[in-house]
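Hello,

Here is the structure I promised to pass on. Please open it alongside this note; my findings follow below.

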Amino acid sequence: MTVQGFAHRNYLNADYRFRSWLWTTDHKRIAILYMISITMFFFVGGAAAVLFRLELMTPRGDLTIAETYNRLFTLHGVIMVFFFLIPSIPAVLGNFLLPMMIGARDLAFPRLNLASWYIFMLGGVMAVGAIIAGGADTGWTFYTPYSSTYTNTNVILMALGVFVAGFSSILTGLNFIVTIHTMRAPGLTWFRLPLFVWAHYATSLIMVLGTPVIAITLLLVVLERGLGIPIFDPKMGGDPLLFQHLFWFYSHPAVYIMILPSMGVISEIVACFARNRVFGYKFIAFSSLAIAVIGFLVWGHHMFVSGQSVYAGMVFSFMSMLVAVPSAIKVFNWTATLHKGAVSLETPMLYALGFIGLFTLGGLTGLFLATLAIDVHVHDTYFVVAHFHYIMVGGAVMGYLGGIHFWWPKMTGRMYPEWWGRLSAGIIFIGFNLTFFPQFVLGYLGMPRRVHEYVEEFQVLNVMSSAGASILGVGYLIPLAYLIWSLRYGPLASANPWGATGLEWQTESPPTTFNFDKTPVVREEAYHYDTGLTEASHSHVL
Amino acid sequence: MEITAAPMPDTRHVAHHFDDAEQQFVAAELGMWVFLATEVLFFGGVFCGYAIYRFKYAAEFIAGSHRLDVWLGTVNTAVLLTSSLTMALAVHAAQTSRRGALVRNLLLTLLLGAAFLGVKGYEYHHKFEERLVPGRNFRFVAHSAHVPESLQPAKEEKVDPRQVELFFSLYFAMTGLHALHMIIGIGVLAVLIVAAGRGAFSGGYFTPIEMTGLYWHFVDIVWVFLFPLLYLIR
């Protein structure tokens, strides 16, 4: 096989020195730095999942003792939430695409963008350092007074790692908001923006308004634990519920930080592979904002059994039902976009369709959990675990992988192997459902989460789940292999292999350092697909 | 008053990805305001904790507050508000391209900020001597020689020293975070003073001065809330 190089000067071959990557202020290169980093974190968090799924093959704790198990699920949660899911789509795809989608040469603050990567890595090194030093066993939720007073594990370093990484999230959100406000190309009005941009705008609002609260909360935990000054300690009259309120004030909206960008990706993919205008553009755009706003008012649904007042519980229950409405609007609109579209099933579309189904299931079970009485029954069981994995893995990770495949030709200038792509999308879908669907049943039957031993009746479902996890693991390794392979051996991609609309497809693949030779002028709405036009969608390769 | 044309923007500072100086300035300004919004939420968390604990433990918070030195707090408030004035004057000097006035006002701002921190340090030291720093050595006696008779809690009123300790935890956390912001601000001011002395700023380019001004005023406003909440509750 001959390896063909790129004919044109682009952001990848502009400079080959290592230094040119570490000191780059190019949003595209920073996106690649993030992609490499979060991929490593993903496999660290995944390794922990492999270990505890192995442990759960049998009812008794024969692989790990309880303490080790606690550290494993804490590691998994902290790494996956703070170091993979939250940065995943915004920091990789958002960073890469947002300036191009709005016709800009870079984000508003390129140096701040690079700084946010270094801050992220510093936080990551601290968290991994805490893990190597023995890990923490508080769960990713760091509940007091266990975290602040009683545990003997490395909470301080772990919490500080999350604290530091939080600032990278804040700075990314800030950069996006300013960029979207001030750097749109001439003619690119708000309602001509791709829905990916709207989704990232809403996400950024949550990042800048939510993340500081978790920062101060974890800082207070560190102060209490490290310096011995009482803040949440009930012995001194401190209030553990205060911690829970502050924690979930960020950590519930954080779920929307994970899912909203994914929704943005799905809007792009569905429109492109249905060759159709997005149905109800404004509804999808505003539902992103509605999710961001209402999402800040539902945190108490994590605390139905914590001792918060019943009236507060009722309000939070109602608000949680309400936040389902904008999510449902999106699902209906994507489905309506498929209607009478010329649907083709390339890999990104398989992920998008998978997303819609799994997200719907995750969302509907979220309504169960938002119902006070049911939540009391299934609280802290595997039902909850299954629910949020349907949102975070079935939703956010599917969207991330779909987006990576969709924009891979733009990012690398190479096509990935389509057959392998479809195969692994299928494996991931099957593996995911086999892993997590049994957990709904387990939870409903009463198996508590975060416990390494269980009664024998639960073994069959747990073995199913572990078997699914191994399939899921294979499903994640295949793209890792063929995407790396495609960097060298993939066929060269044209500027617009999918025949998609959007300014990012008008640049070369891969784009030049400053994205556009001259600033584009926008004269049409987003998604001006001619319905039913299909030939463009089949000419992937230059 | 003589009307002069607005100075031409200094295009040397326009980064490659901006179209013009105005776009760059608008972006910087919006970025700063968004950053200040994150700061409001950052302090908001600990203010929220304060509100809840003060509601639950009103008597203890008042007893703790009486141990703070209202006079020093008042002096510090005056110092900090004056520094906001000199900061505003610095921004104006930059906009009107008066280098001498700019350097002078920035320097005054820095010195006033340092004076604030000095007083704060003295207060911290005093609290340390009185064993009012939370932790193992914290000791609160309801009827202390340090407090005038009129401000002593009534004999029948029960004041739990553990919740007074909670008050001091919040006092040190809140004023400590505020002081950290002051120290960062002073560091930035020092850099600006050197740059301003070299003539880096003019009416055509004063973005860093204006942004630092916004930050400095924000840190002042935080203190304007901290002072009554911590020192003046009765």
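Right after α7(A) comes A:Gly228, with a positive phi near 75°. A word of caution before going on: this is a predicted model.

The helix before that glycine covers residues 195-227 of chain A, 33 residues in total. From first C-alpha to last, α7(A) reaches 47 Å. The expected value at 1.5 Å a residue is 48 Å, so the two are close. α7(A) is not straight throughout. It bends by about 30° at A:Gly210. A proline, A:Pro212, follows within four residues of that point. Most of α7(A) is covered, with 30 of its 33 residues buried.

Next, α8(A). This helix takes in residues 240-273, which makes 34 residues. How far apart are its end C-alpha atoms? They are 49 Å apart, which agrees with the 50 Å that 34 residues should span at 1.5 Å a residue. α8(A) also has a kink of about 30°, centred on A:Trp248. Is α8(A) largely enclosed or largely open? Of its 34 residues, 32 are buried, so the rest of the structure largely encloses α8(A). Just after α8(A), A:Arg275 has a positive phi of about 45°.

One residue to look at in chain A is A:Gly124. You will find it in helix α4, residues 110-132. Why does A:Gly124 count as buried? It has 24 C-beta neighbours inside 10 Å, and 20 are enough for a residue to be called buried. Which residues does A:Gly124 touch, leaving aside neighbours within four places in sequence? The contacts are A:Ser37, A:Phe41, A:Phe83, A:Gly161 and A:Ala165. A:Thr512 lies 388 residues from A:Gly124 along the chain. The C-alpha atoms of A:Gly124 and A:Thr512 are separated by 30 Å.

Now chain A as a whole. It has 15 helices and 0 strands. Its C-alpha trace spans about 65 × 50 × 45 Å along the principal axes. The radius of gyration of chain A is 23 Å. A compact globule of 542 residues would come near 24 Å, so chain A agrees with that figure. Of the 542 residues, 58% count as buried. Take the contacts in chain A between residues at least 6 apart in sequence: 85% of them join residues at least 24 apart.

Chain B has 6 helices and 0 strands. From the N terminus on, its elements run α-α-α-α-α-α. The C-alpha trace of chain B spans about 70 × 35 × 30 Å along its principal axes. Chain B has 234 residues, and 36% of them count as buried. Among its contacts with a separation of 6 or more, 79% come from residues 24 or more positions apart.

Last, where the chains meet. 31 residues of chain B are in contact with 32 residues of chain A. On the chain B side, α1 (21-56) and α5 (161-197) each supply at least two of the residues that touch chain A. Which element of chain B gives the most to this side? That is α1(B), with 17 residues. The residues of chain B that touch chain A divide into 16 nonpolar, 11 polar and 4 charged.

Best wishes

Technical notes. Residues numbered from 1 in each chain as written. Chains lettered and ligands numbered in written order. Predicted model: local features only at pLDDT ≥ 70, side-chain atom pairs only at ≥ 80, totals over all residues. Buried ≥ 20, exposed ≤ 12 C-beta atoms within 10 Å, placed from the backbone. Contact = placed C-beta atoms within 7 Å. Nonpolar A, V, L, I, M, F, W, Y, C, P; charged D, E, K, R; others polar. Bend = angle between axes of the 7 residues up to and from the residue. Rg over C-alpha atoms; globule rule 2.2 N^0.38 Å.
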